[in-house]
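Could you walk me through this structure, from its strands to a helix and an enclosed space? Please give the cut-offs behind the terms along the way.

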Amino acid sequence: MLNMTFEPKDVFQKLEFDKILDLLTKEAFTPMAAEILAATEPLTDAGTIDRLLREGRELKLLLEKNERFPLEIFDDIRPDLKLLDIDGYTLPSDAFQRILRILRLCKEIFRYLNSGARREIYPKLYDRIRHLSFDETLIALITRVFDDKGDIRPDASPELQRIRKEIQQKLREIDGRFRSIMQDYRGKGWLTDNAESFRNGRRVLSVPAEHKRKIRGIIHDESDTGRTAFIEPEGIIEINNDLFDLENEEKREIFRILRDLSTAIRPYGPALGDYLALLIEFDLIRARARLALHLRAGMPILKEKPIIGIKKGYHPLLYLKNKGQGRKTIPFDLRLSPENHILILSGPNAGGKSVAMKSVGLLQLMVQSGLLVPVHELSEFGIFQQIFADIGDQQSLDDDLSTYSSRLRNARAFLQKANPQTLVLVDEMGSGTDPKPGGAIAEAILRQLHRKGVYAVVTTHYSNLKVFAFRNPGLLNGNMHFDKDSLSPTYELKVGRPGSSYAFEIAAKSGLPKEIIDYARNRTGPETAVDDILIELQREKQELEEKLRAVLEKEQSLERLIKTYDSLHGELEVKRRKLKIDQKELELQRNANTIREIDKVVRELKQEKNLDRAKQLSEQLKTENAEKAKLVDDIHEQVVQLEDKNKSAAQKPLEAGDFVRLRSGGATGRVESIKGNKAIVAMGELRVTALVRDLIPANEPIRQQASIATTDLQRAAAFEPKLDLRGFSKDEALRTLERFVDNALMSSADSLRILHGKGDGILRKVVRQKLREYGGTIGRAYHPEQDQGGDGVTIVEL
C-alpha cells in the first residue's frame with residue numbers, strides 16, 4: 001500500500017490537514033485508535049480508499065438513525081497478551097477483567113451485525129467480521145471464575161468453597177467470643193466509649209492506659225497521646241491465627257485458579273489479539289463517522305485516474321468556524337480534468353482565493369485518507385500520487401533564504417518531480433520580487449507545469465498569467481466574485497473569467513484622495529486596460545462556447561428526431577398494410593359465416609325446386625372467398641417484405657439492450673437476453689419470449705414523437721374511448737382489443753369502457769387476459785355497478 005509524496009514536507013501544516021487530524025483523534029474512544037488516527041497518511045490505493053469511505057458512510061448512516069452501535073471504551077490488552085504468551089505466567093484478576101470486556105464487546109458487535117437485514121444495509125461493516133468467528137468459550141471460562149463485580153466467585157473451585165465456608169465459621173466464632181469479652185470488660189469499666197477497633201487486620205479492644213495491665217492479650221498499637229491501648233484479647237488470639245491461616249490458604253487457592261485459567265486461555269492469545277484489533281478498527285471507523293456528522297460530509301464518487309469535480313464544496317475548518325458563529329459558508333464548484341487541468345485564480349485581496357485553493361488541497365487529502373468530505377455526493381475525486389504546495393512566507397534565516405528564493409527553490413523541485421498524477425497548489429505565484437521579471441518567470445514555470453500535464457490551482461494578480469491561461473488550451477481562468485456596488489467580496493468562485501484586483505475602487509472606498517488615485521491610474525493605464533480587455537474577451541468567449549454547446553445539443557436532438565421520423569414512417573406503412581389485412585380477414589370471416597348459413601339452407605331445401613340455384617350461389621361465394629384469401633396472402637407477403645426492408649437498415653445482429661418490436665405488431669421493447677434463436681424482450685413490466693427472426697430492430701422512442709406523426713395525432717384526437725365486442729369470436733376480440741388499447745395509449749385517454757356482455761364469460765376472460773399483457777401501463781380494470789352494466793362491462797383506468 002503506497003502513500004502519497006509531498007513537496008515540501010510541511011504540506012499538512014500549509015493545508016491545515018493537521019487540524020483535521022486533531023479533530024479526528026478527539027472522536028476516538030481509546031488511546032490506541034487516537035494514536036493511529038494522529039498518524040493518518042493519505043493513500044494511493046483506490047480499493048483501500050473506497051473501503052474506508054464506504055465504512056465511514058455506513059456508520060454515519062447508523063448514527064444518523066440514532067441506532068446504538070455496541071462499541072464502548074475498552075482497555076489495551078496487548079501487554080497482558082504479551083505476558084500470557086510466556087509459558088507458566090499467571091495473569092492477575094484485573095487482566096482477566098480487561099480481556100472479558102473485550103470479549104463481551106466483540107460478542108455484542110457480532111450479534112448486532114448478524115441480526116436482521118443489517119448484513120445488507122451495512123455490507124462494509126459486516127465485511128469486518130465476515131471471515132471471523134466468535135468463540136464464547138472464553139467468556140464461559142472467565143465467568144466461571146469471576147462474578148459480575150469482577151470478584152472471584154465463592155464456587156470457583158470446591159477447595160475455595162470449603163475454605164471460604166470455614167472462614168465464615170471462624171468469623172462468626174470470633175464475633176461471638178469478642179462480644180462476650182467486650183461485654184465483660186465494659187461492665188468492669190476497663191474500656192473506652194469506642195470499645196472496639198481494628199489494628200493490623202485484627203479486631204481489638206480500645207483500653208484506657210491505666211487498665212491495659214488488667215487485660216491479658218497482645219497490644220497491637222497505642223494512640224498518639226498514649227492514653228489508649230489497642231489490645232487483642234487472649235481469648236480470640238488462637239481463633240484469629242486460625243483465620244489468618246485460612247486466608248492464606250484462600251490466597252494460594254485463588255492463585256492456583258488464576259494459573260489454571262491462564263493456562264486455559266493461553267492458546268486463544270492470537271484470537272484475543274484479533275478481537276482487540278477488530279475493536280480498534282471499529283473505533284477508527286466510528287471516529288471518522290462522527291467527524292463526518294459534524295462536517296455534514298458525504299462520500300463523493302471515487303475515480304482511479306486524477307480528476308477533481310467538486311460540487312457544492314466547503315472548506316471543512318471554515319465551515320465549522322462559521323457554524324459555531326452562526327454564519328453561512330459559501331460553497332464552490334470546480335472541475336479539473338485532462339481537458340482543463342490548471343486553474344488560474346485571480347481577484348481582490350481578502351476575496352477568498354487562498355481559501356478556495358487550500359480547500360481543493362485539503363479535500364483531496366481527506367478523501368485519500370478515507371475521510372468523508374463536505375461536498376455534494378455527485379462530486380468526483382481521482383487519485384493523485386503527489387501533492388506539491390507553495391503557500392505562505394517560507395523565508396528562512398537559518399538557510400539564508402528570502403521569500404522569493406524559497407519560492408524559486410520550491411518551483412525547481414516541482415518542475416523536477418511533477419507528473420500528470422501531481423496536484424500543485426501555488427499561492428500568489430511570482431510574488432516577492434519585481435513584478436515584470438517575476439511575472440515572466442512565473443509564466444515560464446506555469447508553461448512548463450502545463451506541458452508536464454500536472455493538475456494545479458494557482459492564485460495570482462499578474463495579468464500575463466491570465467493572458468497565458470486565455471490563450472492556451474488546458475488552462476482555465478477563474479475569479480472570486482466581487483460586488484462592484486458594495487465593493488465587498490461575495491466569496492463565490494466563478495470559473496471561466498479572470499478577476500480584477502479592484503485596487504483603485506478599494507482605495508477610493510478606503511478614503512484615499514482622488515488626486516492620488518487619478519495619478520495612479522495614469523501611471524498604470526495600459527496594464528489596467530489589458531486586464532479589462534482580457535476580462536471582456538473571456539466573457540465573450542464563454543458566451544460563444546455556451547451558444548456553441550446549445551447549437552450542438554439542438555443538432556443532436558434534430559438528428560434523433562429525424563431518425564425517429566424515418567422509423568415511424570416505416571412503422572406507419574406497415575400498420576396501414578396490416579389494417580388492410582385485418583379488413584380482408586374480417587370480410588373472409590363474414591363470408592365464411594354466410595357460406596355456413598347457405599349450406600344449412602341447402603340441406604333444408606334438398607326437396608325444393610330452387611336447390612340448384614342455392615348450390616350455384618354457394619359456389620359463387622366460395623369462389624369470392626378464395627379470391628379474398630389470396631389477396632390477404634399477397635398483402636401479408638408485402639408487409640413481410642416491407643418489414644425486412646426496414647430491418648436491413650441495421651445489419652448487425654441483435655444484442656442485449658437493443659430496442660425491437662414484434663413482426664406481428666405491438667409496442668417497442670428492449671432485448672434483455674438472447675439464447676440461441678430465442679430472445680426475452682421487456683415491454684414495460686411485461687416480459688415476452690420470441691424467436692429472433694420475428695423481431696424487428698427499432699429506434700429508442702423519444703418524447704418528441706408528438707410533433708412528427710400528424711396522422712397519428714389526428715387519429716388520436718378522434719379516438720372514441722368505448723368498444724363493443726359482443727358477437728366477436730375470441731381471435732377477433734383479441735385483435736380488435738389490442739388496436740383499441742394501443743390507440744387509447746397514443747391518444748392519452750384517461751379511461752376506457754369495454755362492452756363484452758355476460759353470456760358464458762369467454763369475452764370477459766379474453767379482455768382480462770389482454771389487459772394483463774400491458775403490465776404497469778394499465779392502472780386499474782374493474783366492473784361498474786349493476787345499473788351501469790355490471791359484469792358485462794369492464795372499465796379501464798390508464
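Strands E2 and E3 make a hairpin with two residues between them, and in the turn Asn 200 has a positive phi of about 55°. What you are looking at is a predicted model, where local features need pLDDT of at least 70, side-chain atom pairs count only at pLDDT 80 or more, and totals for chains, interfaces and linings use all residues. Residues are numbered from 1 along each chain as its sequence is written, and side-chain values use heavy atoms, with hydrogens and water left out. Strand and helix labels come from DSSP runs numbered from the N terminus (strands are E, at least two residues; helices are H or I, at least four).

Let's follow the hairpin into its neighbour. E2 (residues 196-199) runs antiparallel to E3, joined by four bridges; strands count as paired if DSSP finds at least two bridges between them. One contact to look for is Arg 199, whose bridge partner in E3 is Arg 202. E3 also pairs with strand E5 (residues 228-233), again in the antiparallel sense and over four bridges. There, Val 207 has Ala 229 of E5 as its bridge partner. Seven of the seven residues of E3 (residues 202-208) are buried, so this strand is largely enclosed by the rest of the structure. Buried here means under 20% relative accessible area and exposed over 50%, with partly exposed in between (1.4 Å probe, protein chains only).

Now turn to helix H16. Its buried residues are Gly 438, Gly 439, Ala 442, Ile 445, Leu 446, Leu 449 and His 450. They cover an arc of only 140° around the axis, which puts them on the same side of H16; the arc is that of the directions from the helix axis to the C-beta atoms. The face turned away from that buried side carries the exposed residues Lys 436 and Arg 451. Just after H16, Gly 453 takes a positive phi of about 80°.

Where is there empty space inside? A search of the whole structure finds one cavity of 30 Å³ or more, and the largest cavity holds about 160 Å³ of space. Of the 15 residues lining this cavity, the closest to its centre are Asp 390, Arg 407, Ala 411, Met 429 and Ile 445. A cavity is a set of points on a 1 Å grid over the protein atoms alone where a 1.4 Å probe fits but cannot get out, and lining residues have an atom within 4 Å of a point. Helix H15 (403-417) and H16 each supply at least two residues of the lining.

How values were computed:
On a 1 Å grid over the protein atoms alone, a cavity is a set of points where a 1.4 Å probe fits but cannot get out, and a pocket is an open set with protein on both sides within 12 Å along at least five of seven lines; lining residues have an atom within 4 Å of a point. Grid points are joined across faces, edges and corners, and a volume is the space filled by probe spheres set on the points.
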